[in-house]
Structure formats: C-alpha cells, structure tokens
Amino acid sequence: MKTIEVDGIKVRIQIWDTAGQERYQTITKQYYRRAQGIFLVYDISSERSYQHIMKWVSDVDEYAPEGVQKILIGNKADEEQKRQVGREQGQQLAKEYGMDFYETSACTNLNIKESFTRLTELVLQAHRKELDGLRTRAGNELALAELEEEEGKPEGPANSSKTCWC
Ligand SMILES: Nc1nc2c(ncn2[C@@H]2O[C@H](COP(=O)(O)OP(=O)(O)OP(=O)(O)O)[C@@H](O)[C@H]2O)c(=O)[nH]1
C-alpha cells in the first residue's frame, strides 16, 4: 500500500509484484482480474525479456478487466553498458499497443515516481465519471450539512445581519 497525490487527490494504491516465471502463471493470472493498472516490465539488458512483452500483453488482454490501464517499462536503465534493447524499440512497442512508455531504474530511482503517478492518473481518468459522481455527491452532502446548520441556528443578533440572500 502506498499513498500518492495526483491532481490534488490523495490516492491509496495497492501494488502487487507478480512473478515473471512460467511456473507461477496460474497464480499470476488471479491478480490480473482485480487490477486497474498494470506495468508491463522488461529489462533493457535482456532482449529476451523484451520479446516476452507480447506474451504478457496477450495474457493481460485475456485475463484483466476491460479498460485496465497499461504502461510499458524498460527497467534497469542504469545498466547502459549491458543494454540490448534500444529506447526507440521500447517507444515503438509502446506506440503499437497504445501505451505510455518509461525507462526506469530501481537502482537510481529514475522515473519510478513519474511512472507510478502516470499510471494512477490514467486509472483515475478512466474512472473520471465515477469520481465526478462521488465529488458531486460529497458536494451536495456538504451543502446540505451547511444548510441544516444554518437552519438550526436561533434567530438573533449574530444571524440578523443576514436578512437578504441576494
Ligand atoms: N541494475 C539494476 N538491477 C535491478 C533493477 N531492478 C531490479 N534489479 C535487480 O534485478 C534482479 C531481479 O529483480 P526482481 O525484482 O527480483 O525481478 P522480478 O522481475 O520481480 O523477478 P521475478 O518476479 O522473479 O520474475 C535483482 O537482483 C535486482 O536487484 C534496476 O533498475 N537496475
């Protein structure tokens, strides 16, 4: 669990790190069902991990809820000397799938906060209607509470100056 602030809204996010290995895939697929946002992560020093992304995408399409938000991540950006996957390859793949793309490094913290904030933003945007509904309801409740408070006040000098609402 982590709390981050996006557009002035405090959002509590629950993060699951699923196992990449084939033998855990049955469990991994269970996580997809409840996900609202997914990072598809490859290692820039491993061409193989990049090639696997297509498989991950098809799994996500099959098992994750419709409308799940996805971001492509090329991790280990600090390992420049071992790089096997060009930044443009990452950008190209992300474009093909209509995803945002970041190169990150868990070691140097490169783009970690940015990518989490962006994914949260995308999830919030996807639920914008529900969010607006919540906001309107919260606003109405607040207005109602204020009105009730006003009505409950006795007529007296403190209130008598407010004789006109215009
Ligand atoms: N240099 C570098 N090493 C990293 C980075 N992120 C993770 N590692 C290392 O890569 C190895 C694997 O990291 P994990 O977090 O276990 O990777 P994973 O994809 O979750 O592994 P599985 O879930 O077992 O598939 C560890 O030795 C980490 O220290 C990074 O950004 N840069």
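**Glu103 and its surroundings**

Glu103 sits in strand 5 of this predicted model. Is Glu103 buried or exposed? Its relative accessibility comes out at 3%, and since anything under 20% is called buried, Glu103 counts as buried. Its side chain is not left without a polar partner: a polar contact of 2.9 Å links the side chains of Glu103 and Arg83. Arg83 is also one of the residues that Glu103 touches once neighbours within four places in sequence are set aside. The others are Ile44, Gly74, Ala77, Gly86, Arg87, Leu110 and Asn111. Gly74 deserves a second look, as this residue stands opposite Glu103 in strand 5.

That pairing leads to the sheet. Strands of a sheet pair through backbone hydrogen bonds, either parallel or antiparallel. Here, strand 4 (residues 69-75) and strand 5 run parallel and are joined by 4 bridges. Zooming out, the open sheet has 3 strands in the order 3-4-5, with parallel pairing. Which strands are at the edges? Strand 3 (37-43) and strand 5 (100-103) take those places, each pairing on one side only. On average, neighbouring strands of this sheet are turned by 25 degrees against each other, direction ignored. Helix 2 (residues 47-63) packs on the sheet and touches strand 3 and strand 4. The direction of helix 2 makes about 160 degrees with that of strand 3.

Next comes helix 3, which spans residues 87-97. Gly90, Leu93 and Ala94 are buried in this helix. Looking down the axis of helix 3, the buried residues fall within an arc of 100 degrees, so they line one face of the helix. What covers these buried residues? The cover includes strand 3, strand 4 and strand 5, along with helix 2. The other side of helix 3 tells the opposite story, with Glu88, Lys95 and Glu96 exposed. Just after the helix, Gly98 takes a positive phi of about 70 degrees.

A ligand is part of the picture too. Its surroundings include Asp17, Thr18, Ala19, Gly20 and Gln21, as well as Asn75, Lys76, Asp78 and Glu79. Ser105, Ala106 and Cys107 are also among the residues around the ligand. Some atom pairs can be picked out here. A polar atom in the side chain of Asn75 lies 3.0 Å from a nitrogen atom of the ligand. For Glu79, an N or O atom of the side chain is 3.3 Å from a ligand nitrogen atom. Ala106 joins in through its backbone, where a polar atom is 2.7 Å from an oxygen atom of the ligand.

The start of the chain has its own pairing. Strand 1 (residues 2-6) and strand 2 (residues 9-13) pair in the antiparallel sense over 5 bridges. Take Ile4, for example: its bridge partner in strand 2 is Val11. How many residues lie between the two strands of this hairpin? There are 2 residues between strand 1 and strand 2, and Asp7 in the turn has a positive phi of about 50 degrees.

As for the protein chain as a whole, it has 6 helices and 5 strands. Read along the sequence, they follow the pattern β-β-α-β-α-β-α-β-α-α-α. Of the 166 residues in the protein chain, 32% count as buried. Among contacts with a separation of 6 or more, 67% are between residues 24 or more positions apart.

Notes:
Residues are numbered from 1 along each chain as its sequence is written. This is a predicted model: local features need pLDDT of at least 70, side-chain atom pairs count only at pLDDT 80 or more; totals for chains, interfaces and linings use all residues. Side-chain values use heavy atoms; hydrogens and water are left out. Two strands pair if DSSP finds at least two bridges between them. Axes are lines fitted to C-alpha atoms, for helices over the stretch in contact, and angles run from 0 to 180 degrees between N-to-C directions. Contact means heavy atoms within 4.5 Å. Buried means under 20% relative accessible area, exposed over 50%, partly exposed in between (1.4 Å probe, protein chains only). The arc is that of the directions from the helix axis to the C-beta atoms. A residue is near a molecule or strand if one of its heavy atoms lies within 4 Å of it. A polar contact is a pair of N or O atoms within 3.5 Å; within protein, one must be able to donate a hydrogen and the other to accept it, and residues adjacent in sequence count only if both atoms are side-chain atoms.
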